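This report looks at one residue at the surface and one in the interior, then at the chain as a whole. Please keep the structure in view while reading.

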Amino acid sequence: MSRTTLDQPSKQSRRTSHTSLPVVAGSSLAGTAVEWYDFFLYGTASALVFNTLFFPASDPLVGTILAFATYAVGFLARPIGAIVLGHFGDRHGRRATLIASLLLMGGSTFLIAFLPSYATIGIGAPILLVTLRLVQGFALGGEWGGAVLLVSEHGDEKRRAFYASWPNIGPPLGNLAAAGVLLALNSTLSEADFLSWGWRIAFGLSALLVLIGLWLRLYVAETPLFEQAQKKADAQPKGLPAGVVVRKHWRMVLLAAATRFGENAGFYIYSLFVITYVTKMIHLDQSVALTAVLIGQGVAVVAIPLIAVLADRIGRRPIYLAASVATIVWSFVFFGLLDTKNTALIVVAVVGGLLIFAAFSAVIGAFFSELFPTEVRYSGVSLAYNLASVLAGSLAPIIAIALYQKFGTGYAIAAYLAAMGAVSLVASLIAKETRETDLATVGQD
């Protein structure tokens, strides 16, 4: 077989259904949406259900903090998942690893539906809940990186940001589905029924969604770039891929992670903590917050691919810079609008925040893929992505509640979020433009 054949998959192969970019991108989107539905369902339930059923306390905010603490535990497991699943993804393929992560996530979420409450088995209830949350975090640690690479490594350099943005639609789409299901259940059931058994329906639905995602992932082929790397004996790194990333590409890992601080902290404030703020701090009905999140996530789903088209034309860096500055400014506008207690303005606050998130998400998939060589790309992308999730996303709701308890105002939280945006701004100023990068030659210079 000639080198040309190895380096450039045939046009006929690219035209088959299981290797065409729209099909591959759709498969990645479906899988990430399912996994993020599971992950965010837990987060939303932490604010509405788990603080009462699994962490009873005399102070409702204390129970919420404990519930969010278990939510953060899922983030702590994500770097471990990034290392383990990243290893398999770099050594045995993107597709097989993504199938494994989907099954782990779906299985753990489905089991949460059957957990007894604290009132039934005492301390065993939160212990089981935390254990399943750890499995969720482990699975998610290897999900995003593989989903992005499944798209990025299939080709079309001129539209890489557009197609690599499809998996990033998964988080808002999954959150949209989670919030929508809980809102529907909360609206149709009494509070007693919702707390007793209604919330369990949302977790049980995970089984059906996993079957759909699994069917789609079984349908697509392995990426051409990974197959090419496998055929080159000298391309295989010695030792664990994650170890190679830490030794040779640690600067890129830290830089990429830093660009996500504003995006990740903002996302959890705009879409998760806002539910706690609206219901517990300004004492409005939870349907107000859930409706605002639903609308905001819907806007983000549409905005992400549209902004990605722009990123393919003007580059990744300008989008990052604009989103970072917007995070700093909108942080204070966001809480100012929430404090009006006006439903329409609360919706504007959430939509504005999630539009900023959409701008970040439009470029992150392509940008991260363009930083690491093929043989360790899964590990590099996953480590960078999940490092930011641990340092920024996991702590955001907990820090936000603590700041409110200390200062009694949302503007203290706004200052924290603005600081996260400043980290992203500095990292974006340091980063180089990667739009013209050839993924096949990264790390060969």
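In this predicted model, valine 84 is partly exposed, with a relative accessible area of 32%. That value lies between the limits of 20% for buried and 50% for exposed, which is why the residue is placed in the middle class. Valine 84 belongs to helix 5, which covers residues 78–92. On the surface, Val84 joins Ile80, Ile83 and Phe88 in a nonpolar patch. Together these residues have about 320 Å² of accessible area.

Glycine 142 sits in the loop between helix 8 (124–141) and helix 9 (143–152). Glycine 142 is buried because its relative accessible area, 0%, is under 20%. Apart from neighbours within four places in sequence, glycine 142 is in contact with Gly81, Ala82, Leu85, Leu98 and Tyr378. Isoleucine 83, a member of the nonpolar patch, is 59 residues from glycine 142 along the chain, yet their C-alpha atoms are separated by 7.9 Å.

The two residues compare as follows.

| Residue | Relative accessible area | Class |
|---|---|---|
| Valine 84 | 32% | partly exposed |
| Glycine 142 | 0% | buried |

What helices and strands are there in the chain? The chain has 23 helices and zero strands. Of its 445 residues, 61% count as buried. Among contacts with a separation of 6 or more, 86% are between residues 24 or more positions apart. The chain exposes about 16500 Å², and carbon and sulfur atoms supply 68% of that area.

Note on methods. Residues are numbered from 1 along each chain as its sequence is written. This is a predicted model: local features need pLDDT of at least 70, side-chain atom pairs count only at pLDDT 80 or more; totals for chains, interfaces and linings use all residues. Side-chain values use heavy atoms; hydrogens and water are left out. Patches are made of residues with over 30% relative accessible area and no salt bridge: like charges are joined within 9 Å, nonpolar side chains (Val, Leu, Ile, Met, Phe, Trp, Tyr) within 5 Å. Accessible areas come from the Shrake-Rupley method with a 1.4 Å probe; for residues, only the protein chains shown count as cover. A salt bridge is a side-chain nitrogen of Lys or Arg within 4 Å of a carboxyl oxygen of Asp or Glu. Helices (H or I, at least four residues) and strands (E, at least two) are DSSP runs, numbered from the N terminus. Buried means under 20% relative accessible area, exposed over 50%, partly exposed in between (1.4 Å probe, protein chains only). Contact means heavy atoms within 4.5 Å.
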